[in-house]
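Visitor: I'm new to reading protein structures. Could you walk me through this one?

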Amino acid sequence: AFRMLDVNLLWHPSLSMEMGEDAVSIIEGLVKGKQSLDILVIEGTIPLGPGKTGGYYLFHGRPFKDWVLDLSKACKYLIGVGTCASFGGIPSAGTNPTEATGLQFFGMQKGGFLGTDYVSKANFPVINIPGCPAHPDWLMETLIALVSGKLEQKALDAYQRPEIFYGNLGHHGCPR
């Protein structure tokens, strides 16, 4: 039997009609608990610089990192989409002038912007869907598993990726 899933996209910087004050109003309402935030999806690295101020990336005059921190406390689940959101990606490599990091990992070390102990309201760590770009089917299947209540923490690997997708990657079994 096919069951329709009730999904409401509240805001996306490229897909939504709301801009400026309207977008900020939606986000502030989520932070204040006026509306439920079931799944927060973050793409891209979290730039902490300069000097941990977050001043290199502002959204509506406020550091992006501060918006993410507030929303991470309000969401039931948090998904890091892409290698940058998951692990910091290329922006965090080398000298890292923007002080970039992933949501819960810096490279392959747990910690990142939200720290090692972060859990969402559903008691989940950040769910990582790395890749550059992330595989769209893997993101959609993860979203469907969350919405339908079928994703369990034990289904995540050591890097908080869904094991079903990341347990056997293309280079596994390569003869070279």
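Visitor: What pattern does the protein follow when read along the sequence?

Guide: Keep in mind that we're looking at a predicted model. Its secondary structure comes to five helices and nine strands. Read along the sequence, those elements give the pattern α-β-β-β-β-α-β-α-β-β-β-β-α-α.

Visitor: What radius of gyration does the protein have?

Guide: Let's start from the chain, which has 176 residues. A compact globule with that many residues would have a radius of gyration near 16 Å, so the protein's own value agrees with that. That value is 17 Å.

Visitor: Is strand β5 mostly covered or mostly uncovered?

Guide: For the whole protein, buried residues make up 40% of the 176. Here, buried means under 20% relative accessible area. In β5, residues 75-81, six of the seven residues are buried, so by that cut-off the strand is mostly covered.

Visitor: Which strand pairs with β5 over six bridges?

Guide: Two pairings of β5 are worth a look. Three bridges join β5 to β9, residues 127-129, and these two run parallel. The pairing over six bridges is also in the parallel sense, and Leu40 stands opposite Leu78 of β5. The partner there is strand β1, residues 37-43.

Visitor: And which residue in β9 does Ile79 stand opposite?

Guide: We've just met β9, joined to β5 by three bridges. Ile79 has its counterpart in that strand. The residue opposite is Ile127.

Note on methods
Residues are numbered from 1 along each chain as its sequence is written. This is a predicted model: local features need pLDDT of at least 70, side-chain atom pairs count only at pLDDT 80 or more; totals for chains, interfaces and linings use all residues. Side-chain values use heavy atoms; hydrogens and water are left out. Helices (H or I, at least four residues) and strands (E, at least two) are DSSP runs, numbered from the N terminus. The radius of gyration is taken over C-alpha atoms; the globule rule is 2.2 Å times the number of residues to the power 0.38. Buried means under 20% relative accessible area, exposed over 50%, partly exposed in between (1.4 Å probe, protein chains only). Two strands pair if DSSP finds at least two bridges between them.
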